[in-house]
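Please read the following report with the sequence and the structure side by side, and look up each residue as it is named.

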Amino acid sequence: MPGLGSLQEGYERIEVRYRERPDGATLTYATDEPALVNALHDWFEAQFRDHGDHAESGH
């Protein structure tokens, strides 16, 4: 899975924020390390590809 190795090595340097919403919840991932930002983008893009047409970006 693209980005997974970098995320496994650097997960402690990624801040994850959870916020409840009336229609569900929002997770926000933040890091100051460009390599981890790229790994997050790569991993999420792979998730969208794997889950087909019903996956939605930006929600």
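The report goes from the overall layout to the hairpin, the salt bridges and the core.

This is a predicted model, in which local features need pLDDT of at least 70 and side-chain atom pairs count only at pLDDT 80 or more, while totals for chains, interfaces and linings use all residues. Residues are numbered from 1 along each chain as its sequence is written, and side-chain values use heavy atoms, with hydrogens and water left out.

**Overall layout**

The protein has two helices and two strands, and from the N terminus on these elements follow the order α-β-β-α. Helices (H or I, at least four residues) and strands (E, at least two) are DSSP runs, numbered from the N terminus. Of the 59 residues in the protein, 19% are buried, where buried means under 20% relative accessible area, exposed means over 50%, and partly exposed lies in between (1.4 Å probe, protein chains only). The accessible surface of the protein comes to about 4,800 Å², and 49% of this surface belongs to carbon and sulfur atoms; such areas come from the Shrake-Rupley method with a 1.4 Å probe, and for residues only the protein chains shown count as cover. Among the contacts in the protein with a separation of 6 or more, 40% are between residues 24 or more positions apart, a contact being heavy atoms within 4.5 Å.

**The hairpin and its nonpolar patch**

Strand β1 (residues 15-21) pairs with strand β2 (residues 24-30) in the antiparallel sense, over seven bridges; two strands count as paired if DSSP finds at least two bridges between them. The connection from β1 to β2 is a hairpin of two residues. Within this pairing, Val16 stands opposite Tyr29 in β2, and Tyr18 stands opposite Leu27 in β2. These residues also appear together at the surface, where Val16, Tyr18, Leu27 and Tyr29 make a nonpolar patch of about 410 Å². The elements that give two or more residues to this patch are β1 and β2. A patch is made of residues with over 30% relative accessible area and no salt bridge, in which like charges are joined within 9 Å and nonpolar side chains (Val, Leu, Ile, Met, Phe, Trp, Tyr) within 5 Å. Tyr18, which lies in strand β1, counts as exposed because its relative accessibility is 55%.

**Salt bridges**

A search of the whole structure finds three salt bridges, each being a side-chain nitrogen of Lys or Arg within 4 Å of a carboxyl oxygen of Asp or Glu. The table gives the N to O distance of each pair.

| Pair | N to O distance |
|---|---|
| Arg13 and Glu33 | 2.5 Å |
| Arg17 and Glu15 | 2.9 Å |
| Arg21 and Asp23 | 3.0 Å |

In the salt bridge between Arg13 and Glu33, the closest N and O atoms are 2.5 Å apart. This pair links distant parts of the chain, with Arg13 in the loop between α1 (4-10) and β1, and Glu33 in the loop between β2 and α2 (34-50), 20 residues apart. Arg13 is partly exposed, with a relative accessible area of 45%, and Glu33 is also partly exposed, at 27%. In the second pair of the table, Arg17 is partly exposed at 41%, and Glu15 counts as partly exposed at 42%. In the third pair, Arg21 counts as partly exposed at 34% relative accessibility, whereas Asp23 counts as exposed at 62%.

**The core**

Which residues form the largest nonpolar core? This core has five residues, namely Leu7, Ile14, Leu36, Ala39 and Leu40, and its largest share, three residues, comes from α2. A nonpolar core is a set of buried Ala, Val, Leu, Ile, Met, Phe, Trp, Tyr and Cys residues joined through side-chain atoms within 4.5 Å. In soluble globular proteins, nonpolar side chains tend to be buried together. Leaving aside its neighbours within four places in sequence, Leu40 is in contact with Leu7, Ile14 and Tyr29.

Gly10 is found in helix α1, and this residue counts as buried because its relative accessibility is 0%. The C-alpha atoms of Gly10 and Leu36 are separated by 7.1 Å, although the two residues are 26 residues apart along the chain.
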